[in-house]
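Biologist: I should like to learn how the features of a model such as this one are read. Please let us begin with the structure itself.

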Amino acid sequence: MVMLKVAMGLMPVAVLLAATPALAHGQEITNDLSRCAASAKGPAVLVDVRGFAEATGRVRIQSYHATKASWLTKGEWLNRIDTVVRPSEGGMRFCMPIPEPGKYGIAVRHDRDGNGKTDISRDGGGFSNNPSINIFNLGKPSVDKAAFYAGPGVTRITINLKYM
């Protein structure tokens, strides 16, 4: 009888743990630059985004595991920051936390009119390592061209936006 009470007392915890999704994909976060400050331990990526064509609309930055299965696949992003464009001296800075050291890719989109839709003739974009983009790859470089290694601390990268 005592064992039954103990087992039943643990059941709600087991059910709760089984129903809790893994925190691996799809977390929208704020741009908390303190996570990338000099005293921050990481792991995180400090991303400088440069080359905004104009100070309008919204910018979305997403991190991905650098695998063919995850890279630029809908719903496979790890963290997303979506905010109003407010460039200072042509750029904006973002702190993107990552789960652990490893290979990642970062994608940025500048939605110039802020309508939430991609207009390839007007909106801009960029990727980690700044690979070339064109109409033949539909603006989506391979994971091999965008992948970079992020260490245990704060890794710094710069992404230059491109417009068609």
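Biologist: Which residue stands opposite Val59 in E6?

Modeller: Strands of a sheet pair through backbone hydrogen bonds, either parallel or antiparallel. Here Val59 has His110 opposite it in E6. Strands (E, at least two residues) and helices (H or I, at least four) are DSSP runs, numbered from the N terminus. Two strands count as paired if DSSP finds at least two bridges between them. Before we proceed, note that this is a predicted model, in which local features need pLDDT of at least 70 and side-chain atom pairs count only at pLDDT 80 or more, while totals for chains, interfaces and linings use all residues. Residues are numbered from 1 along each chain as its sequence is written, and side-chain values use heavy atoms, with hydrogens and water left out.

Biologist: How many bridges join E3 to E6, and how many pair E3 with E4?

Modeller: E3 and E6 run antiparallel and are joined by eight bridges. E3 and E4 are also antiparallel, over five bridges. In that second pairing, Arg58 has Val84 of E4 as its bridge partner.

Biologist: In what order do the strands of the open sheet lie?

Modeller: The order is E5-E2-E9, three strands with mixed pairing. E5 and strand E9 (154-160) are the edge strands, each pairing on one side only. From one strand to the next the twist averages 20°; such angles lie between N-to-C directions, run from 0 to 180 degrees, and use axes that are lines fitted to C-alpha atoms, for helices over the stretch in contact. Within this sheet, E2 and E5 pair in the antiparallel sense over seven bridges, and Val47 has Phe94 in E5 as its bridge partner.

Biologist: Where is Ile61 found, and is Ile61 buried or exposed?

Modeller: Accessibility is read through fixed limits: buried means under 20% relative accessible area, exposed over 50%, and partly exposed in between (1.4 Å probe, protein chains only). Ile61 belongs to strand E3 (residues 58-65) and, with a relative accessible area of 0%, is buried.

Biologist: Which residues does Ile61 touch?

Modeller: Contact means heavy atoms within 4.5 Å. Leaving aside residues up to four places away in sequence, Ile61 touches Val47, Asn79, Arg80, Ile81, Phe94, Met96, Ile106, Ala107 and Val108. Val47 and Phe94 in this list are the bridge partners from the pairing of E2 with E5. As for Gly126, its C-alpha lies 9.4 Å from that of Ile61, with the two positions 65 residues apart in sequence.

Biologist: How many disulfides does a search of the whole structure find?

Modeller: A disulfide is a pair of cysteine sulfur atoms within 2.5 Å. The search finds one. Cys36 and Cys95 form it, with their sulfur atoms 2.0 Å apart. The link is right-handed, with 75° about the S-S bond.

Biologist: Which parts of the chain does the pair of Cys36 and Cys95 tie together?

Modeller: Cys36 lies in the loop between strand E1 (27-28) and strand E2 (44-50), and Cys95 in strand E5 (residues 91-97), so the disulfide ties together parts that are 59 residues apart in sequence. Cys36 is buried at a relative accessible area of 10%, and Cys95 is buried at 0%.

Biologist: How many salt bridges does the structure hold?

Modeller: A salt bridge is a side-chain nitrogen of Lys or Arg within 4 Å of a carboxyl oxygen of Asp or Glu. The structure holds nine. One of them joins the side chains of Arg112 and Glu54 at 2.7 Å, N to O. Arg112 lies in the loop between strand E6 (102-111) and strand E7 (124-127) and Glu54 in the loop between E2 and E3, so the pair ties together parts that are 58 residues apart in sequence.

Biologist: Is Arg112 buried or exposed, and which other side chain meets Glu54?

Modeller: Arg112 is buried at 16% relative accessibility, whereas Glu54 is partly exposed at 26%. Glu54 also meets Arg122 in a salt bridge (3.2 Å, N to O), and Arg122 is partly exposed at 32%.

Biologist: With which residue does Asp82 form a salt bridge?

Modeller: Asp82 pairs with Arg58, the closest N and O atoms being 3.0 Å apart. This pair links distant parts of the chain, for Asp82 is in strand E4 (residues 79-84) and Arg58 in strand E3, 24 residues apart. Asp82 is partly exposed at 27% relative accessibility, as is Arg58 at 32%.

Biologist: Which residues are linked in a network of salt bridges?

Modeller: The network links Asp48, Arg50, Arg93 and Arg156.
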